[in-house]
Amino acid sequence: MLSPVEHAPLAPHCTLRIGGPARYLVEAADEATVADAVAWAAARDLPIRVLGGGSNLVIADEGVEGLVLKIGLRGVSTRALPGAVEVTAAAGESWDGVVQHTVERGWAGLECLSGIPGLVGATPIQNVGAYGQEVSDTLTAVRALDRESGRVVTLGPAECGFGYRDSLFKRGAPGRHVVLAVSYRLTPDGPPNVRYADIARDLETRGLARPSLPQVRETVLKVRRSKSMVLDPGDPNARSCGSFFLNPIVDPGALAAIDARAAGLAMPRWPQPDGRVKLSAAWLIERAGFNRGQSDGPVGLSTRHTLAIVCHDGARAADVAAFARRVRAGVEQRFGVRLHPEPIFWGSLSLD
Ligand SMILES: Cc1cc2nc3c(=O)[nH]c(=O)nc-3n(C[C@H](O)[C@H](O)[C@H](O)COP(=O)(O)OP(=O)(O)OC[C@H]3O[C@@H](n4cnc5c(N)ncnc54)[C@H](O)[C@@H]3O)c2cc1C
């Protein structure tokens with residue numbers, strides 16, 4: 001018998017530590033409880049929202065209607081494949097715990113994704129990525145409860161529609177699938193992936209020409225820590241949801257217009273396979289006149305990373321949205337580029 005908690009505070013469940021309560025909240029430690037919760041909400045015609053580690057969420061001050069389903073499924077298993085190992089982790093496992101587990105065993109494929117907060121079940125939602133790796137590089141299967149058919153389905157990578165910080169789960173029919181477990185194909189004794197300049201530089205400083213997986217993980221964690229991009233409760237920048245804006249991807253025509261406005265500044269850019277070009281949201285924000293640590297009352301930019309919006313004592317979700325709007329408007333005015341938020345907004349909140 002499902003007994004959701006009524007009017008349950010959500011702020012303690014998310015890394016920004018803001019937002020109002022859930023009308024109903026239930027935690028599912030097994031797949032049967034997930035199915036019961038979905039049926040319970042359907043019988044009452046209530047919306048469902050799935051909660052992982054709350055590290056990519058901005059929850060409105062008035063809270064959310066319906067049922068919030070906190071994912072607490074645990075368990076990690078492995079299967080040997082020819083020349084590879086497939087790791088399957090339940091959706092409620094800590095993501096970084098799984099990365100550590102694979103790195104310690106010498107299985108390459110997730111090492112650059114060290115230190116990303118949150119749970120396994122959220123990794124396919126925005127195709128989590130960092131330092132030249134994305135989960136779509138290694139993901140082989142997503143086991144999920146399809147709320148439309150009421151059945152448990154297994155989706156292959158092609159069905160997930162992955163893109164840059166994007167997937168079918170986020171873009172296509174948000175909320176349709178409750179992710180139960182995710183599988184990743186890794187390479188035993190494989191070489192670490194070192195594609196990103198910050199990571200290569202730190203390894204070089206450490207004199208590591210052929211670094212091991214644990215050494216790459218150490219470097220990634222060190223670089224992330226220097227940017228307040230790991231969860232550390234003692235860090236004054238701790239209350240964030242990581243990067244607040246996506247790096248914009250523009251077509252060549254738009255790029256020419258932005259370049260004209262940038263008037264000779266060396267704007268970083270990364271050509272994409274489809275001919276478009278990815279720009280740096282952090283660079284645009286800085287060149288639009290915003291500085292690290294700049295704040296409006298209890299909300300501001302991280303002192304270590306222009307792309308992270310952080311909350312301080314007394315912050316409300318409305319303050320976060322107002323500050324984000326100000327940053328977005330500044331960039332749009334200076335460069336003609338509209339930034340889009342990376343986190344998911346719950347409740348009535350939006351930037352528009
Ligand atoms: C300090 C910091 C650094 C970060 N760095 C990075 C980074 O380098 N790269 C990166 O990609 N992200 C980064 N993030 C963002 C965030 O950590 C990731 O997006 C993470 O995957 C979110 O996981 P979560 O469990 O906290 O999800 P939540 O925030 O709880 O949920 C996010 C979304 O996923 C949905 N969801 C969660 N679990 C499930 C499930 N089991 N089934 C269906 N839907 C689900 C939710 O409904 C919501 O829409 C960072 C965040 C912080 C705070």
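Here is a short tour of this predicted model, stop by stop, with what to select at each one.

**Stop 1: the ligand**

Start by selecting the ligand and showing what is around it. You should find 34 residues surrounding the ligand, and the closest include V50, G52 and G53, along with S55 and G129.

Now zoom in on a few polar atoms. Pick S55 and show its side chain: a polar atom there sits 2.6 Å from an oxygen atom of the ligand. Move on to N56 and turn on the backbone, where a polar atom is 2.8 Å from a ligand oxygen. Then jump along the chain to V179. Which kind of ligand atom does the backbone of V179 approach? It's a nitrogen: a backbone N or O atom of V179 lies 2.8 Å from that ligand atom.

**Stop 2: a hairpin**

Next, select residues 76–81, which make up strand 6, and residues 84–90, which make up strand 7. The two strands run antiparallel and pair over six bridges. As background, strands of a sheet pair through backbone hydrogen bonds, either parallel or antiparallel.

Strand 6 and strand 7 form a hairpin with two residues between them. Click on G83 in that turn and check its backbone: phi is positive, at about 70°. For a bridge to look at, take L81, whose partner in strand 7 is A84.

**Stop 3: a three-stranded sheet and its helix**

Now go to the open sheet whose strand order is 17-18-19, with antiparallel pairing. Colour the edges separately: strand 17 (295–296) and strand 19 (309–311) each pair on one side only. Then add strand 18, residues 299–301, which pairs with strand 19 in the antiparallel sense over three bridges. One bridge to pick out joins G300 to V310 in strand 19.

What packs on this sheet? Select residues 317–335 and you have helix 9, which touches strand 17, strand 18 and strand 19. The direction of the helix makes about 40° with that of strand 18.

**Stop 4: the cysteines**

Finish with the cysteines. How many disulfides does the structure hold? Zero. Take C311: it is in no disulfide, and the nearest cysteine sulfur, belonging to C241, is 8.1 Å away. Is C311 buried or exposed? C311 is buried, because its relative accessible area is 2% and the cut-off for buried is under 20%. For your last selection, try C112, which also counts as buried because its relative accessibility is 1%.

Terms used: Residues numbered from 1 in each chain as written. Predicted model: local features only at pLDDT ≥ 70, side-chain atom pairs only at ≥ 80, totals over all residues. Heavy atoms only, no water. Pairing = 2+ DSSP bridges. Helix = DSSP H or I, 4+ residues; strand = E, 2+ residues; numbered from the N terminus. Disulfide = S-S within 2.5 Å. Buried < 20%, exposed > 50% of the residue type's maximum accessible area, 1.4 Å probe, protein only. Contact = heavy atoms within 4.5 Å. Axes fitted to C-alpha atoms, helices over the stretch in contact; angles between N-to-C directions. Near = heavy atom within 4 Å. Polar contact = N/O pair within 3.5 Å; in protein donor to acceptor, adjacent residues only side chain to side chain.
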